[in-house]
Amino acid sequence: MPLLTFNDCGIYCERADVYIDPWKPVDRALITHGHADHSRWGNKYYLCTRAAAPVIRYRLGDIKQETVEYGEVRTINGVKFSFHPAGHIIGSAQIRVEYQGEIWVASGDYKLEDDGLCQPYEPVRCHHFITESTFGLPVYRWTPQEEVMADINDWWRQTASEGRTAILTGYALGKAQRLLNGLDPSIGRIFTHGAIENTNEVIRAQGFSLPETTRVTREINKKEYPGSIVVATPGAIGQPWVKKFGNASIGAASGWMTLRGARRRRGADRGFVLSDHCDWPSLLEAIDLTGAENIYVTHGYTAIFSKYLREQGLNAVELHTEYEGELAEIESKGSEETEKENAAADAD
């Protein structure tokens with residue numbers, strides 16, 4: 001039997017009796033990162049990196065949780081597990097699994113570009129590699145982060161010169177902090193949606209530096225918003241919460257902004273292509289760096305991407321999982337994370 005198998009609960013290591021990022025409650029779960037599709041409530045035990053732990057506990061509440069440092073080895077019934085930087089968000093990890101010379105890596109979500117905030121991606125050599133394919137089509141090719149953030153700041157500067165408010169959307173965990181880290185505070189004040197500011201507080205308490213932000217509340221005079229930028233969750237757009245900003249320009253930061261029509265679906269005036277996932281060249285580079293011949297393709301363009309890999313001589317198969325990648329940025333129905341965002345927006 002393979003070291004890792006895939007069942008209706010998730011990625012399973014039978015010999016150690018543990019799951020990686022299970023989507024149904026299990027006894028022991030190894031968690032790659034804090035996004036809701038990978039870190040779910042209901043498991044009896046959670047193991048994650050020290051950097052990922054605070055936000056996972058904040059989101060899931062009172063859970064039994066242990067942590068490891070990057071590279072630290074935990075041995076369970078003879079199987080060696082270690083967590084290695086995935087570069088996706090703060091604390092995100094690939095999980096390396098080894099037994100009797102057989103090595104697997106479950107990558108979770110990952111990106112190769114160093115965003116200057118989270119621990120940069122590190123390739124891990126293995127025989128079997130489990131990869132996402134959120135943006136597994138040749139059309140997805142990212143512009144360097146510095147250029148994208150320059151465009152965002154130029155847009156904000158222009159909006160401020162017109163006496164308007166800029167509203168920029170991104171995930172509450174990961175994307176929002178990456179955007180904040182690249183904004184130019186000299187242009188104006190930075191306001192944040194409540195769900196984002198709650199996450200910021202957890203991350204700042206860990207010692208990460210973010211620019212000064214102000215939580216949007218009912219008490220703030222609406223006259224303070226023109227010229228500023230508001231970093232909000234995608235789920236807040238289209239809600240009554242947005243009306244308080246008056247004449248505003250809405251920008252959306254996502255890999256999906258590559259696609260025609262994605263900006264319109266998000267109700268945005270401007271689209272900025274910025275993703276916390278790999279583009280097409282980076283997916284191929286990452287797979288090559290692992291040296292793995294056996295590739296298991298999860299969430300995204302699984303059929304197309306696995307077919308391409310087979311044409312390159314790799315043993316690649318597609319897997320059906322309950323991971324979402326950045327799908328929640330353009331689809332709100334059925335997303336637990338979006339429901340929480342909307343509740344926070346209504347509260348503010």
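**Exercise 1.** How much area do domain 1 and domain 2 bury between them, and what percentage of it is on carbon and sulfur atoms?

*Solution.* This is a predicted model. Start with the division of the chain. Domain 1 covers 5-138 + 276-328, and domain 2 covers 145-272. Next, take the contact. Domain 1 gives 23 residues to it, and domain 2 gives 21 residues. Now the area. The two domains bury about 2000 Å² between them. Carbon and sulfur atoms carry 59% of that. Last, look at the domain 1 side. Tyr 58, Leu 117 and Glu 326 lose the most area to domain 2 there. Together they make up 27% of what that side buries.

**Exercise 2.** Count the salt bridges and the polar contacts between the domains, then sort the domain 1 side by residue class.

*Solution.* Begin with the salt bridges. The count between domain 1 and domain 2 is 2. For a worked distance, take Arg 178 and Glu 113. Their side chains form a salt bridge at 3.2 Å, N to O. The cut-off for a salt bridge is 4 Å, so this pair qualifies. Then count polar contacts: 8 residue pairs link domain 1 and domain 2 this way. Finally, sort the residues of domain 1 that touch domain 2. They are 11 nonpolar, 5 polar and 7 charged.

**Exercise 3.** Which strands lie at the edges of the open sheet of 6 strands?

*Solution.* Write down the order: S14-S13-S15-S12-S16-S17, with parallel pairing. Read off the ends. Strand S14 (214-215) and strand S17 (270-272) each pair on one side only. Check S17 against its partner. S16 (residues 248-253) pairs with S17 over 3 bridges. In one bridge, Gly 251 partners Arg 270 of S17.

Methods
Residues numbered from 1 in each chain as written. Predicted model: local features only at pLDDT ≥ 70, side-chain atom pairs only at ≥ 80, totals over all residues. Heavy atoms only, no water. Domains from an automatic or database assignment. Contact = heavy atoms within 4.5 Å. Buried area = accessible area lost by both parts, 1.4 Å probe. Polar contact = N/O pair within 3.5 Å; in protein donor to acceptor, adjacent residues only side chain to side chain. Nonpolar A, V, L, I, M, F, W, Y, C, P; charged D, E, K, R; others polar. Pairing = 2+ DSSP bridges. Helix = DSSP H or I, 4+ residues; strand = E, 2+ residues; numbered from the N terminus.
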